[in-house]
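Visitor: I should be grateful for a close look at a single part of this model. Please take one helix and describe it together with its surroundings.

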Amino acid sequence: MNKGDANHRQDLRERTKRFALSVVAMYVHLPQNPAVAVMGRQCLRSGTSVGAHYREACRARSDAEFISKLEGALQELDETAYWLELLDESRLCTIPNVEALHKEVDELIRMFVTMVRNVKGG
């Protein structure tokens, strides 16, 4: 399996955990508005799932399982981006550091896509 070196895996484990903590910090600062609460919970769920999927990928027993777990993380990242966009564009609240969250989502997506492509051999 081509999962990268141990240092890279540990760095990405830490990075996805920091991302989850950033999403948590964003969530706790959202106003108590019913629509914002629904979108916020969805963003919290998907944003904190990314790291869990990545950790599962690191324990994969095969390339196929590794790819499957990374693709699960990619789905969660895409969903997180969607909820962040809705929260931001609804103008129902101000999200601290929303640009940084969007940037991190984009960077993590690029890294995970690259890893999937490398394992698939293309």
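Guide: Contact here means that heavy atoms lie within 4.5 Å. The model is predicted, and the part chosen is helix 4, residues 98-120.

The length of helix 4 may be considered at the outset. Its 23 residues, at 1.5 Å a residue, should span 33 Å, and the end C-alpha atoms are 33 Å apart, so the expected span and the model agree.

Helix 4 has a series of buried positions: Val98, Leu101, Glu104, Val105, Leu108, Phe112, Met115, Val116 and Val119. Glu104 merits particular attention. This residue of helix 4 has a relative accessible area of 17%, and it counts as buried because that value is under the 20% cut-off. The side chain of Glu104 is joined to that of Arg15 by a polar contact of 2.6 Å. Leaving aside residues up to four places away in sequence, Glu104 touches Arg15 and Phe19.

Phe19 leads onward to helix 3, for Phe19 is also touched by Thr80, a residue of helix 3. Not counting residues up to four places away in sequence, the contacts of Thr80 are Phe19, Cys43, Ser46, Gly47 and Val105. Val105 is itself one of the buried residues of helix 4. Thr80 has a relative accessible area of 0% and is therefore buried. Its side chain makes a polar contact of 2.8 Å with the side chain of Ser46.

Ser46 falls within helix 2, residues 34-58, which brings the pairing of helices 2 and 3 into view. Two packed helices are described by the angle between their axes and the distance between the axes. The axes of helix 2 and helix 3 come within 8 Å and cross at roughly 160 degrees. An angle over 145 degrees counts as roughly antiparallel, and helices 2 and 3 are therefore roughly antiparallel to each other. The crossing of helix 2 past helix 3 is left-handed.

The two sides of helix 4 along the chain remain to be described. Before it, the loop between helix 3 (63-89) and helix 4 contains Arg91. Most residues other than glycine have a negative phi. Arg91 is not a glycine, yet its phi is positive, about 60 degrees. Arg91 has a relative accessibility of 70% and counts as exposed because this is over 50%. After helix 4 comes Gly121, which also has a positive phi, near 85 degrees.

How values were computed
Residues numbered from 1 in each chain as written. Predicted model: local features only at pLDDT ≥ 70, side-chain atom pairs only at ≥ 80, totals over all residues. Heavy atoms only, no water. Helix = DSSP H or I, 4+ residues; strand = E, 2+ residues; numbered from the N terminus. Buried < 20%, exposed > 50% of the residue type's maximum accessible area, 1.4 Å probe, protein only. Expected span 1.5 Å × (residues − 1). Polar contact = N/O pair within 3.5 Å; in protein donor to acceptor, adjacent residues only side chain to side chain. Axes fitted to C-alpha atoms, helices over the stretch in contact; angles between N-to-C directions. Parallel < 35°, antiparallel > 145°, perpendicular 65-115°, else oblique. Left-handed = near helix turned anticlockwise from the far one by under 90°.
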